[in-house]
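Please open the model in your viewer and keep the sequence panel beside it, since each stop on this tour begins with a selection.

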Amino acid sequence: MFNLYKPSGCISNVQNRAKVCSNYQVIRKMAGVALSVVVEKLNEFAPENLAEKWDNVGLLIEPFTKRNVNKILLTNDLTENVMSEAMARGSDMIISYHPPIFAPLKRITQKSWKERIVSICLENKIALYSPHTSWDSVTNGVNDWLASALPLASAQPVLENLSNPSIGAGRLCVIQGELTLGAAIDRIKAYTKLKDLKVAVAVNRNLESPIRTFAVCAGSGTSVLKGVKADLYITGEMFHHDVLDANHQNIHVILLNHSNSERGYLPIFREILRNMLKDYQAIQIDVSEQDADPLQTY
């Protein structure tokens with residue numbers, strides 16, 4: 001709620017009171033930002049056409065009743081716990097990296113968790129946007145964040161965009177200076193704030209082996225990294241036999257778990273979005289505290 005400044009000595013005057021009330025309504029109308037503006041800004045940063053053809057990105061839920069966006073919640077996955085958090089925070093919009101609506105929904109009932117999430121968003125006029133692989137491709141996106149875990153001399157997309165070679169899926173990187181596998185593991189843990197990683201050491205190599213080049217792919221790296229020449233792969237998950245194949249080609253593999261290779265980007269994007277919306281009043285942007293990788297180590 002906006003705190004309206006009330007000049008002393010005017011409230012008793014009907015004319016001044018009317019003027020104050022009128023100004024108050026103007027301020028309320030100016031508060032926040034139109035949903036269409038937020039979507040426009042999101043597309044300026046990462047155009048939806050950068051997403052993979054199989055993906056489902058963009059504005060997924062648009063409430064029928066239009067209202068300005070004052071509170072935005074960022075999450076990697078929109079689970080029911082995160083949905084409850086959004087309700088408690090009074091969020092007007094959720095930006096979920098992974099699209100909660102992917103496979104077609106034939107009905108909106110209370111029988112499945114995804115249907116319930118859609119139902120809650122519609123009932124409470126909460127907009128839902130998902131960028132997914134458009135954030136993977138764009139400069140200063142998820143893959144650039146993940147690649148920055150290690151000292152970089154250079155980085156380029158693994159799969160270049162046909163219209164713009166500087167963007168695309170994955171990153172192939174050259175290390176700046178000297179780095180061993182063991183030191184790379186320590187740096188990645190510190191950077192991602194993860195307590196443990198899954199590491200597959202290449203055949204006839206060890207933790208003291210030098211790392212000169214590495215390739216990253218946030219999320220699932222099986223298809224993007226397949227056949228890429230590098231000393232090290234960093235990704236969220238890979239098929240078992242692809243890990244074995246990489247190891248036998250003298251490539252180490254570090255797996256963070258799928259969403260752990262993505263989630264750390266959200267605080268970075270919060271600052272990017274704040275800057276994009278700096279001309280609008282009192283926009284609150286939060287990163288979910290309930291969002292977490294479903295796989296935990298016990």
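The tour goes from the whole chain to an annotated site and then to a pocket.

Begin with the whole protein in cartoon view, bearing in mind that this is a predicted model. You should be able to trace ten helices and 13 strands, and if you colour by burial, 46% of the 298 residues count as buried. Among contacts between residues at least 6 apart in sequence, 66% join residues at least 24 apart.

Next, select His-98, Asp-136, His-258 and Glu-262, which UniProt lists under "binding site" in an unreviewed entry. Although these residues span 165 positions in sequence, no two of their C-alpha atoms are more than 13.4 Å apart, so they gather at one spot.

Stay at this site and centre the view on Asp-136, which sits in helix α5, residues 133–137. Is Asp-136 buried or exposed? Its relative accessible area is 9%, and because the cut-off for buried is under 20%, Asp-136 counts as buried. Show the side chains around it and, leaving aside neighbours within four places in sequence, you will find Asp-136 in contact with Tyr-97, Val-142, Asn-143, Gly-168 and Arg-171.

Now move to His-258, which lies in the loop between β12 (252–255) and α10. Here the relative accessible area is 24%, and His-258 is therefore partly exposed. Which residues does His-258 contact, once its neighbours within four places in sequence are left aside? They are His-98, Gly-219, Ser-220, Gly-236, Glu-237 and Asp-293, and His-98 is itself one of the positions in the UniProt listing.

For the last stop, turn on a surface and look for the largest pocket, which has a volume of about 410 Å³. To find its centre, select Thr-192, Lys-193, Arg-263, Gly-264 and Pro-267, which are the closest to that centre of the 16 residues lining the pocket. Two elements, α7 (181–192) and α10 (266–276), each give two or more residues to the lining, and α10 supplies the largest share, with three residues. If you colour the lining by residue class, it divides into eight nonpolar, four polar and four charged residues.

Finally, give separate colours to domain 1 (33–132 + 263–287) and domain 2 (139–257). Why does the largest pocket lie between these domains? Both of them give residues to its lining, so the pocket is placed between the two.

Key. Residues numbered from 1 in each chain as written. Predicted model: local features only at pLDDT ≥ 70, side-chain atom pairs only at ≥ 80, totals over all residues. Heavy atoms only, no water. 1 Å grid on protein atoms, 1.4 Å probe; cavity = no way out; pocket = protein on both sides within 12 Å on 5 of 7 lines; lining within 4 Å. Points joined across faces, edges and corners; volume = space filled by probe spheres on them. Helix = DSSP H or I, 4+ residues; strand = E, 2+ residues; numbered from the N terminus. Nonpolar A, V, L, I, M, F, W, Y, C, P; charged D, E, K, R; others polar. Domains from an automatic or database assignment. UniProt positions renumbered as here; feature names shortened; annotations may be inferred. Buried < 20%, exposed > 50% of the residue type's maximum accessible area, 1.4 Å probe, protein only. Contact = heavy atoms within 4.5 Å.
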